[in-house]
Structure formats: C-alpha cells, structure tokens
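Reader: I am new to this model and would be grateful for a close look at one part of it. Please begin with a single helix and then set out what may be said of the elements beyond it.

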Amino acid sequence: MKKNIFITVCLLTAFCLQSAAQGSVIDEIVWVVGDEAIYKSEVEEARQNAQMNGVQWDGDPYCVIPEQLAVNKLFLNQAELDSIFATDDDVSHYVESRYKDYVNQAGSEEKLEEYSGMSADQIKSRLYETSRQEYVITKVRDKIMSKVKVTPAEVRRYLKDMSPDEIPVIPTQVEVQIITLDPVIPQEEIDAVKAELRDYIDRVQSGEVSFSTLALLYSEDPSSARNGGDLGFFGRGEMVPEFSAVAFNMTDPSKISKIVETEYGFHILQFVERLGDRVRVRHILRKPRIPMASVNECLGRLDTIASGIRNGQHTFEFCVAAYSQDKDTRNNNGLMSHVIEPGAPGISKYEMQELPQDVAKVVDRMHVGEISDPFVLQLNNGKTTCAIVKLKSKINGHKANMAEDYEILFELVSGMRQQEALEKWIRDKQRTTYVRISEGWNDCDFRYPGWGKY
C-alpha cells in the first residue's frame, strides 16, 4: 500500500507498542529540520509500527520515513508562526479513541500494559503528544487547502482535457426510500431484563463482584464488554441524550446508576472519572429478546402496507408519515441518506456497497418504482427491525459527465488542486528552512528533492 507523504504523526513518530522494551537501539540524530532533530529511534519505531500493521512503504523506509517526519516538522514550525495550537479538550478525544483501539487490539488494559511495558498513564502520555501534533498539523494543512477555490469552468475544462481512458467511471448509484416497523417486545421480556440489571446492581453494591467483571460476562455491547464496560472519555453530544443525561450527572464511583433505556436497550452505568467537559463511565447493556412471533406479526403488517401501496390505495410517502418508525428518514419521505464526512450534509445517492447489507440485498433485485417484500433489517445499533423499501432512482455505472456527476468531479478537481497547493507549500518552505542530513541518510531518491540545498 502506497503511503502518502502526509501520513499522520501518530503512525510515524511515537507509538510503537514494543518501543519501551526496545533497549537495544543506539540513538543518534539523523536529520535536523530548523531547530528540531529527528532521531534514529523515531525512524526505527515508525518502521516497526508500520511492519506490525502490515504497511508497505513506497521505497526505502529509512529514506521515506525521515522525509515524512521532516515534512511534519515544517507544518509544526508553521503552526508556531501562525499561533495554531491544540487545547486539552481538542486532544483528549483523540487520545481516548486511540487508547481504546489499542486496548481492543491487545484484548484488555492489563494485556496492553504487559505487552508495551508501560502503564496506562504512560501510554496515554505518549499518545497525547502525538495526537496534539497530529491535530495541529491537520489545522495547518486545512488552512493551506482552504485557499484553493475551484470554479465550475475549471471542472468543465478538466473533464474536457481528459482522454476517454482517463475519465473516471461512476459506479451504479441508487436512491432508496424506507418504511420500518419495530417488532413489539413483550412486557415480560422487558421486566426480565430489568430484573437482571437490578440483580447486577445489588451484587456490585454488596461487594460480591465488580462492575467490570459483570460487564465482561454479560454486557451485550461487545466493543466495551471486553474492556469491562469501559467506554473511555466522551463528550455530552457523543452519546444518545438519555445516556448522556445520566452519565454527566454521576460523580461517585461507588454508586451504580438507575436503569437507563435507550434505542440500544437497557443500561446501568458506573462513574469512573471526569476530565474537563468529558466523562468516562463503564456500562452494561442488556437487550430484551424479541420473539419470532413478534417479528412475523411485524412482517405481516408491512406486507399489508406494501400491498396497499401497490394497489394505489396510498402512496409510499403517505405510509412513511403514517407508519414508519425510522426517525432518521420519517421527515424526508423515507429517503435514506448518509454522511461522507462529519459535519457535511447528507447524501441520498448510494453506491451499492454503501447501503446497509440487508437493504442492498433487496435493492439489487429491484426496478425503479418497485416496492419490496417485507424483510428483517439489522441496524447499526444492533437493533432488529422490519422494513419495506422503494427504489426511487437508479443511475447505472457510466463515464463521468457534467450533467449527472458535477459534485463528484468537483470533489476530484478540488482534491487535486489542494494536493498541488500542499506540495507547492512544502517546496517553498524547504527553501527557507535549515536542513542537515547525516552521512549515510542522504543517499535517497526523495519525493521532495532539495533538502539541505538552500
């Protein structure tokens, strides 16, 4: 896999889980960029980390890695000049997210500490610095790229100048409307789950067993269960409101929360710690069992709704408003949408592989305007629901054109121009930055020739 020159600092610089145990590396300065040194140990750690993750470098790693580190130092130097910095709140989310990833890979916090030879606090301290640098570098890059403005005329000219073989092929895209109904969960199933959770509360409060042990054994949130229910630090808006309302009102680790109901099921929480406006809790999730009879009843109701639409008794849009329980699509005539980047508006056109798997299997056999038979749909939150869909539109795979694919072409041209702007900035910055490369480290075919020659 070819690695971009702007690979993130976290991968390159500081966090190789085996690094603390590597006592045999004799350190030396191999590059100097401005007032900053690049050490042989940094390069070696990045190489080992890449090897552990199966990364293949495009060239000699002892040439590629230090050059990438040097580029990152150019960005960090610019951040100082522009007074761009990261606050604790900016960085803490990145640290906790990456720490959870490492814990998941290791299997537990204890195994991570054993493998790395570092305590949790030491690991987080190293992650904090790399995350801080990555955050700052991203801000500098974004500032450079924000100056790039692409016009429709430039997009049109780009497409016109391309040879037929170079014009990108746009995969088949579809727009899908959906109606969902949730199977009714019998009250006795809900009562049974609540009784389980109350029993867990009593056992923890009596000192019989720890909360983390019960989470490991019984929680139905697999990603946190393996960590004893620990969710790491999160902000108020990162969890569903019902969950956050309880988590952010907890202050005593010795007390267990009341039972909390969310779209995921039923939870109990244990407070761990707070950092600024972020909180860390453990939780146990239990989901009531849905009897097959309830699923079949739900599918039967949807079959009746689908027949009514096909017979012209009601429109699909009317039935969305009257029956659908999908809160994400109900106010948009059932039209499904997805977000490519955080903060960006939703996009209603899907490539087939972007649709939920259960939906894609059904849509793949449909014609435009057709209403599907009812089917069972497993949502991202683990919830089971029943659905029917309508294929609203379908654009078959084709060569890109301005009429149908302007947004895609605009993003393509914008990305190219932004990359060109970054590369120009790096070459300009080279000319004003002192660089010295140690003997034995400069016999390389660098991506950016000219290091140390200005």
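Reader: Which residues are exposed on the other side of H7, away from its buried residues?

Author: This is a predicted model, in which local features need pLDDT of at least 70 and side-chain atom pairs count only at pLDDT 80 or more, while totals for chains, interfaces and linings use all residues. Residues are numbered from 1 along each chain as its sequence is written, and side-chain values use heavy atoms, leaving out hydrogens and water.

The exposed residues on that side of H7 are Lys160 and Asp161. Here exposed means over 50% relative accessible area and buried means under 20%, with a 1.4 Å probe and protein chains only. Helices (H or I, at least four residues) and strands (E, at least two) are DSSP runs, numbered from the N terminus.

Helix H7 covers residues 152–161, and its buried residues are Glu154, Val155, Tyr158 and Leu159. These four lie on the same side of H7 because they cover an arc of only 135° around the axis, the arc being that of the directions from the helix axis to the C-beta atoms. In general, an α-helix has 3.6 residues a turn, so residues three or four places apart point the same way. The buried residues of H7 pack against helix H15, residues 402–431; contact is taken as heavy atoms within 4.5 Å.

A second pair of helices may be described next. Two packed helices are described by the angle between their axes and the distance between the axes. For helix H2 (residues 40–52) and helix H3 (residues 61–81), the axes come within 10 Å and cross at roughly 110°. Axes are lines fitted to C-alpha atoms, for helices over the stretch in contact, and angles run from 0 to 180 degrees between N-to-C directions. H2 and H3 are therefore roughly perpendicular to each other; the term covers 65 to 115 degrees, with angles under 35 degrees counted as roughly parallel, over 145 as roughly antiparallel and the rest as oblique. The crossing of H2 past H3 is right-handed, that is, the near helix is turned clockwise from the far one by less than a right angle. On the H2 side the meeting residues are Glu42, Val43, Glu44, Ala46 and Arg47, and their counterparts in H3 are Pro61, Tyr62, Ile65, Pro66 and Leu69.

H2 also lies across strands S1 and S2, at about 50° to S2. Both strands belong to an open, antiparallel sheet of three strands in the order S2-S1-S13. S2 (36–39) and S13 (435–437) stand at the edges with a single partner strand each, so one side of each has no neighbour in the sheet. On average, neighbouring strands of this sheet are turned by 20° against each other, direction ignored. Two strands pair if DSSP finds at least two bridges between them. Four bridges link S1 and S2 in the antiparallel sense, with Val32 opposite Ala37. These two strands form a hairpin with two residues between them, and Gly34 in the turn has a positive phi of about 65°. Strand S1 (residues 29–33) is joined to S13 by three antiparallel bridges, and Val33 faces Val435.

Another open sheet has four strands in the order S5-S8-S7-S6, again with antiparallel pairing. Its edge strands, S5 (230–234) and S6 (260–262), each pair on one side only. Its neighbouring strands are turned by 40° against each other on average, direction ignored. S5 is joined to S8 (residues 278–286) by three bridges, and Arg282 in S8 is the bridge partner of Asp230. S7 and S8 pair over nine bridges, and Phe266 stands opposite Arg286. Their hairpin has two residues between the strands, with Gly276 in the turn at a positive phi of about 60°. S6 and S7 (residues 265–275) run antiparallel over three bridges, and a hairpin of two residues joins them.

A final detail concerns a loop. Pro183 lies between strand S4 (173–181) and helix H8 (187–205), and is buried, with a relative accessible area of 6%. Leaving aside neighbours within four places in sequence, Pro183 is in contact with Ile290, Ser294, Val295, Cys298, Thr384, Thr385 and Cys386.
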